[in-house]
Amino acid sequence: MRETGVRALSRFTFHVSRFSCSTSRVLELSEHLRAHLPKENTFDWLMNVEGKVHRAVKNRRTVEFELGGRRYFIKAHRGAGWREVLKNVSYGRAPIISAEPEWSAIAALNRVGVMTPVVVGKGVRGQAPSRLESFVVMEALDDMISLENFTRDWRGLVGDKRAEVKRSLLNRISEIARRMHAAGMNHRDFYLCHFLVHDRDWSKWDADDELQLVLIDLHRVQIRDRVPERWLVKDLGGLLFSALDAGLTRRDLLRFIEGYRAQPWREVLAREDAFWSKVWNNATRLYRPFHHREPPLKF
């Protein structure tokens, strides 16, 4: 087996052991959910809840539903089957066999000050990794917009106001990336579309206003003692790829580097020029085939 396959197998084995050594059933619900869910067959009700389906792929689906006057999102995972499990391991990917990685990532990110969706329910049943059923329920995020959509037209912002908002976003995004990576986590889908910000009348935004970003789509997050360089490059390269059409300048890139390392960019590049070149190359390799053109920025 390839080295990447060995690493994937070790992560998969560790994940499975967390369930095989414990009870075959976990069910934790907030007080509001307990008050409004049926008392019998609660697990089945949640796994099959009806609502607006946002995504349905293979053994996973994401559904928005309302209960007791509140809106929620549930990510429900059904058994992937041994064929799918072994196929992922053979390709060097740790298979996602339950919702547990998402709620673990949320807890770990919250501990280091990164905002995420709020978990209000979680459940697992079964022991065989190919047949686990699980879910995570999160509060719906109202009046939010993804940074991908926000930066398409910057909500009509121009001139100094746009520059101020962009500067604040760069500072916040770089801080989130720094905290996440320093804590041993890499996202694996680290794009602007997975950052949410409260929408508002942006013409009234002031530089003293705090911009709170919420990081979402955390089911593929990996957690280690230290993030290997290649995963740092993939995260940062993916983020840069998704932001290249947002009107970035070279100064913006340097500002991000400075915020990410919490050091002057000249000192960072003096010792890490090769690393940031890898990040740039990763971003442009994604950009060219996706957009069928050269990136609008040279670095």
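**Exercise 1. Find the partners of strand S4 in one spot of the sheet.**

Task: How many bridges pair strand S4 with strand S6, and in which sense?

Solution. Start with the two stretches: S4 covers residues 70-77 and S6 covers residues 133-139. Next, look at how they pair: the sense is antiparallel, over 6 bridges. Now pick a single residue, alanine 76, and look across to S6: its bridge partner there is phenylalanine 135. Keep in mind that you're looking at a predicted model.

Then zoom out. S4 and S6 belong to an open sheet of 6 strands, in the order S1-S5-S6-S4-S3-S2, with antiparallel pairing. At the edges you'll find strand S1 (25-29) and strand S2 (52-57), each pairing on one side only. On average, neighbouring strands of this sheet are turned by 15 degrees against each other, direction ignored.

**Exercise 2. Do it again for the 3-strand sheet.**

Task: Which strands are the edge strands of the sheet S7-S9-S10?

Solution. First, write down the order: S7-S9-S10, an open sheet with antiparallel pairing. Then check which strands pair on one side only: they are S7 (144-146) and S10 (213-215). The average turn between neighbouring strands here is 35 degrees, direction ignored.

Now follow one pairing. S7 and S9 (residues 195-198) run antiparallel and are joined by 3 bridges. One spot to look for is methionine 144, which stands opposite histidine 198 in S9. Finally, see what lies across this sheet: helix H7 (residues 159-182) crosses S9 and S10, at about 35 degrees to S10.

**Exercise 3. Compare the spans of two helices.**

Task: What distance separates the end C-alpha atoms of H7, and what separates those of H10?

Solution. Take H7 to begin with. At 1.5 Å a residue, its 24 residues should span 34 Å, and the end C-alpha atoms are indeed 34 Å apart, so the two values agree.

Now try H10 (residues 265-291). A straight helix of its 27 residues would reach 39 Å, but the end C-alpha atoms are only 29 Å apart. Look along H10 for a bend: there's a kink of about 90 degrees, centred on glutamate 272. Glu272 is also among the buried residues of H10, along with others including Trp276 and Trp280. Those buried residues pack against helix H8 (229-243) and helix H9 (250-261).

Last step: peek past the helix ends. Just after H10, histidine 292 takes a positive phi of about 60 degrees. H7 is followed by glycine 184, with a positive phi near 85 degrees.

**Exercise 4. Place valine 114.**

Task: Is valine 114 buried or exposed?

Solution. Locate it first: valine 114 sits in the loop between helix H5 (100-111) and strand S5 (119-125). Its relative accessible area is 2%. The cut-off for buried is under 20%, so valine 114 counts as buried.

Who's around it? Leaving out residues up to four places away in sequence, valine 114 touches Leu109, Ile176, Arg179 and Leu215. Ile176 is itself one of the buried residues of H7. For a long-range neighbour, try leucine 213: 99 residues away in sequence, yet 8.3 Å away in space, C-alpha to C-alpha.

**Exercise 5. Check the confidence.**

Task: Where does pLDDT stay under 50?

Solution. Begin with the whole chain: the average pLDDT is 89, and 87% of the residues score at least 70. Then scan for the low stretch: pLDDT stays under 50 over residues 12-23. For that stretch, the model has 20 contacts beyond four places in sequence.

Technical notes
Residues are numbered from 1 along each chain as its sequence is written. This is a predicted model: local features need pLDDT of at least 70, side-chain atom pairs count only at pLDDT 80 or more; totals for chains, interfaces and linings use all residues. Side-chain values use heavy atoms; hydrogens and water are left out. Helices (H or I, at least four residues) and strands (E, at least two) are DSSP runs, numbered from the N terminus. The expected span of a helix is 1.5 Å times one less than its number of residues. The bend at a residue is the angle between axes fitted to the seven residues ending there and the seven starting there. Buried means under 20% relative accessible area, exposed over 50%, partly exposed in between (1.4 Å probe, protein chains only). Contact means heavy atoms within 4.5 Å. pLDDT is the predictor's confidence in each residue, from 0 to 100. Two strands pair if DSSP finds at least two bridges between them. Axes are lines fitted to C-alpha atoms, for helices over the stretch in contact, and angles run from 0 to 180 degrees between N-to-C directions.
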